Amino acid sequence: MRSTFHLSLFLIIACSIIFGLHFYIWARLIRDTGLKNPWRWMATLVLVVLALSIPTGLILTRSAVRFALEPFLWAVYTWLGAAFFCAVLLAAVDLLKLMTVTIPLAIQRKPLNAERRQFLAMMTGGVVLLADLGLSLTALWNAGTSAVQIKRVRVSLSKLPPALEGYRLVQISDVHVGPLIHGDFVRTIVSEINALKPDLIAITGDLVDGTVAQLQSQLGSLRDLKAKNGVFFVTGNHEYYTDDVDGWLAWLTGIGIRPLRNERVTIRKGFDLAGTDDFNARGKGHGQNIPQALANRKTDRPVILMAHQPRSFFEAQSLGVDLQLSGHTHGGQLFPFSFIVSLVQPYIAGLYRKGNSQIYVSRGTGYWGPPMRLGSPAEITEITLSAAQGESV
């Protein structure tokens, strides 16, 4: 019941935004340009169909037969990204016209000639469409497996024992295996991680967008992950969207990946690795509980907390966590969407310090929604621990 309510609420909000965005595109590219019939009606019909295809795709993403619908879903989510770029570009053009044309004419009390207004709409519309095409193709290329970067970061932990100087852990996050990201992507990522020969691997949530029955065949290569001190996992919000979170926790355990659910383990008697459920997890024994994860720990050794959302850092920092590993934000995924993400999440991407605590936020390894990235490349993060002062390298 709770899942159905949240899905319905999400669809209502999403549809309101989607239809508003498409109306804006229609107003600027069809109405204002004075497009004549039958082209006006044809273009309007195409835009209406594209607008309706997005909520349809969101619903079908939860279907058991969604892999058979992959070409449709690929087209839908690609258009979603292209529509976002189009709306942003149109907004930029409108702002420019406001500053350079509308306001100066208003000050001079001169009306804008209707023919000139239509000519400007046609010219700027053409420029926007060409720029949209260029940005969309670039963003599609940036989301490919070959574009995933190895991001190397050095983190200083003052309480790290000398024996663990140079300890290396690899973090992946937000892989989002589902209707658009498949087993070949996972196999490539596993190969890249193993080539780094890490001491420990941390998977910080949003690994899947589907049930065990739908996706286990796509994730089999995860059993090949190799690290001296183990592979660990914490849930993200998308694990709870699947309605199969407990199934995933059992499946991951079965292939040698250890979920950390508000608990901690000691790594080589040098530091504690703790993990907590996703910030938004609720019900059936799930929910963030950082105090429980840190209970009875020895404060003379550092603790690293795996927590999917950066918002968890407020509590983690107050409880003395030395380093938090998070994801969730995708670094914004599509510029300038990062500015919107920053309204909800305090940290977007990279290494931050607050007092004696630090947080590293991964830009994510896969993508969600549009198969695109712009201004926020996907990453596999290699974190090297040091007792000395460190910085990104």
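The legends below describe several close-up views of a predicted model.

**View 1. The largest nonpolar core and a second core that lies apart from it.** The largest nonpolar core holds 58 residues, and those with the most contacts inside it are Ile203, Leu207, Leu219, Leu222, Leu225 and Ile257. Helix α3, which covers residues 70-108, gives the most to this core, with 9 residues. Apart from this core lies another one, of 23 residues, among them Leu200, Phe232, Ile267 and Tyr360. In soluble globular proteins, nonpolar side chains tend to be buried together.

**View 2. The surroundings of Leu225.** Leaving aside residues up to four places away in sequence, Leu225 touches Val190, Ile193, Asn194, Ile201, Ile203, Val231 and Ile257. Of the residues in this view, Leu225, Ile203 and Ile257 are listed among those with the most contacts inside the largest nonpolar core.

**View 3. The largest cavity and its lining.** The count comes to 2 cavities of 30 Å³ or more, and the largest cavity has a volume of about 60 Å³. The residues that line the largest cavity are Ile172, Val175, Val177, Val186, Ile189, Val190, Ile193, Leu207, Leu219 and Leu222. Helix α5, residues 183-196, supplies the largest share of this lining, with 4 residues.

**View 4. The second largest pocket.** About 330 Å³ of space lies in the second largest pocket, which is lined by 18 residues, with Ile25, Leu29, Ile30, Ala43 and Leu129 nearest its centre. The elements that give two or more residues to the lining of this pocket are α1 (2-31), α2, α3 and α4 (114-142), and the largest share, 6 residues, comes from α4.

**View 5. Helix α2 and the cis peptide bond at Pro38.** Helix α2, residues 39-60, has 22 residues and reaches 31 Å from its first C-alpha to its last, which is close to the 32 Å expected at 1.5 Å a residue. The buried residues of this helix are Thr44, Leu47, Ala51, Ser53, Ile54, Pro55, Gly57 and Leu58. A cis peptide bond, with omega about 5°, joins Asn37 and Pro38, and Pro38 is found in the loop between α1 and α2.

**View 6. The cis peptide bond at Pro336.** Phe335 and Pro336 are joined by a cis peptide bond, with omega about 5°, and Pro336 has its place in the loop between β9 (323-326) and α11 (337-341).

**View 7. Cys15 and Cys86, which are not joined by a disulfide.** A search of the whole structure finds 0 disulfides. The sulfur of Cys15 is 19 Å from the closest cysteine sulfur, in Cys86, and therefore too far for a bond. Cys15 is buried, with a relative accessible area of 18%, and Cys86 is also buried, with a relative accessible area of 2%.

**View 8. Asn262 and Lys269, two residues with positive phi.** Asn262 has a positive phi of about 55° although it is not a glycine, and it lies in the loop between β5 (257-259) and β6 (263-267). Lys269, likewise not a glycine, has a positive phi of about 55° and is found in the loop between β6 and β7 (271-275). Asn262 is buried, with a relative accessible area of 8%, whereas Lys269 counts as exposed at 77% relative accessibility.

**View 9. Ser386 and its contacts.** Ser386 lies in strand β12, residues 379-386, and at 2% relative accessibility this serine counts as buried. Not counting residues up to four places away in sequence, Ser386 touches Arg154, Val155, Ser156, Leu157, Leu160 and Glu165.

Notes: Residues are numbered from 1 along each chain as its sequence is written. This is a predicted model: local features need pLDDT of at least 70, side-chain atom pairs count only at pLDDT 80 or more; totals for chains, interfaces and linings use all residues. Side-chain values use heavy atoms; hydrogens and water are left out. A nonpolar core is a set of buried Ala, Val, Leu, Ile, Met, Phe, Trp, Tyr and Cys residues joined through side-chain atoms within 4.5 Å. Buried means under 20% relative accessible area, exposed over 50%, partly exposed in between (1.4 Å probe, protein chains only). Contact means heavy atoms within 4.5 Å. A disulfide is a pair of cysteine sulfur atoms within 2.5 Å. The expected span of a helix is 1.5 Å times one less than its number of residues. On a 1 Å grid over the protein atoms alone, a cavity is a set of points where a 1.4 Å probe fits but cannot get out, and a pocket is an open set with protein on both sides within 12 Å along at least five of seven lines; lining residues have an atom within 4 Å of a point. Grid points are joined across faces, edges and corners, and a volume is the space filled by probe spheres set on the points.
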